[in-house]
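Biologist: Please take a close look at one part of this model, the largest pocket. Start with its lining, then follow the neighbouring elements outward.

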Amino acid sequence: QVQLVESGGGSVQSGGSLRLSCVVSGFSYSTYCMGWFRQAPGKAREGVAAIEGDGTSSYADSVKGRFTISQDNAKNTLDLQMNNLKPEDTAMYYCAAAEFGIGVEDGRCIDEMKHWGQGTEVTVSS
């Protein structure tokens, strides 16, 4: 059973930083793709950043240059470093995983995400 557990969310002022982490268990595919999504109240879910096992990554235009996605194999974690946060970044952030790493585009894995975490909330005040 694949499980993803997010942490690191919180409340910060505009311009501040947060680092989100996703602990992954029960996932042992040799090729894969993982990413972060977010959803603000009343808004559609948005792909934020995605990364394949070989390190290839993609970001949504709205976060490009401010967010960095990475993975730590030793700790089985997927991280999202968020710098220069803006009020519009306020949302519930979700970690997700696809079983096949067939590419990334516009902040998302091309393959359908099959596994999801429960989310961690990020609030950015002005």
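Modeller: One convention first: Ala, Val, Leu, Ile, Met, Phe, Trp, Tyr, Cys and Pro count as nonpolar, Asp, Glu, Lys and Arg as charged, and the others, Gly among them, as polar. The model is predicted. By those classes, the lining of the largest pocket has six nonpolar residues, seven polar ones and one charged one. In total 14 residues line the pocket, and its volume is about 190 Å³. Nearest the centre lie V24, F27, M34, N73 and N76. Three strands, β3, β7 (67–72) and β8 (77–82), each give at least two residues to the lining.

N76 is a good place to begin. This residue sits in the loop between β7 and β8, and those two strands are among the contributors to the lining. The backbone of N76 has a phi near 55°, which is positive although the residue is not glycine. For context, most residues other than glycine have a negative phi. N76 has 47% relative accessibility and therefore counts as partly exposed, the class between under 20% and over 50%. A second positive phi in a residue other than glycine, near 50°, belongs to N84. N84 is in the loop between β8 and β9, and its 42% relative accessibility makes this residue partly exposed as well.

On β3, the strand to follow is the one that carries a disulfide cysteine. The structure holds two disulfides. One of them joins C22 to C95, with the sulfurs 2.2 Å apart. C22 belongs to strand β3 (residues 18–25) and C95 to strand β9 (residues 91–98), so-called distant parts of the chain, 73 residues apart. The torsion about this S-S bond is about -80°, so the disulfide is left-handed. Both C22 and C95 are buried.

The other disulfide joins C33 to C109, with an S to S distance of 2.0 Å. Here too the chain is bridged between distant parts: C33 is in strand β4 (residues 33–39), C109 is in strand β11 (residues 108–109), and 76 residues separate them. The link of C33 and C109 is left-handed, with -90° about the S-S bond. C33 has 0% relative accessibility and so counts as buried; C109, at 9%, falls under the 20% limit and counts as buried too. When the bonded cysteines are numbered in sequence order, the pairing reads 1-3, 2-4.

Now back to F27, one of the residues nearest the pocket centre. The whole structure has two aromatic pairs. In one, F27 meets Y32 edge-to-face, with 6.1 Å between the ring centres and 85° between the planes. F27 and Y32 are both buried. In the other, F37 and W116 have ring centres 4.9 Å apart and planes at 50°, so this pair is tilted. Strand β4 holds F37 and strand β12 (residues 115–116) holds W116, which lets the pair link parts of the chain 79 residues apart. The partners have different burial classes: F37, at 2% relative accessibility, counts as buried, while W116, at 30%, counts as partly exposed. F37 has one further neighbour to note, because a charge sits over a ring when CZ of Arg is within 6 Å of the ring centre and within 35 degrees of the ring normal. R45 lies over the face of F37, at 5.3 Å from the ring centre.

Two long-range contacts complete the walk. V48, in strand β5 (residues 46–52), has 0% relative accessibility and therefore counts as buried. V48 and Y94 are 46 residues apart in sequence, with 9.6 Å between their C-alpha atoms. S126 is in the segment after β13 (120–125). At 87% relative accessibility, S126 counts as exposed. S126 and L85 are 41 residues apart along the chain, and their C-alpha atoms are separated by 9.9 Å.

Conventions. Residues are numbered from 1 along each chain as its sequence is written. This is a predicted model: local features need pLDDT of at least 70, side-chain atom pairs count only at pLDDT 80 or more; totals for chains, interfaces and linings use all residues. Side-chain values use heavy atoms; hydrogens and water are left out. A disulfide is a pair of cysteine sulfur atoms within 2.5 Å. Helices (H or I, at least four residues) and strands (E, at least two) are DSSP runs, numbered from the N terminus. Buried means under 20% relative accessible area, exposed over 50%, partly exposed in between (1.4 Å probe, protein chains only). On a 1 Å grid over the protein atoms alone, a cavity is a set of points where a 1.4 Å probe fits but cannot get out, and a pocket is an open set with protein on both sides within 12 Å along at least five of seven lines; lining residues have an atom within 4 Å of a point. Grid points are joined across faces, edges and corners, and a volume is the space filled by probe spheres set on the points. Rings of Phe, Tyr and Trp (its six-membered ring) pair if their centres lie within 6.5 Å; planes under 30 degrees apart count as stacked, over 60 as edge-to-face and the rest as tilted.
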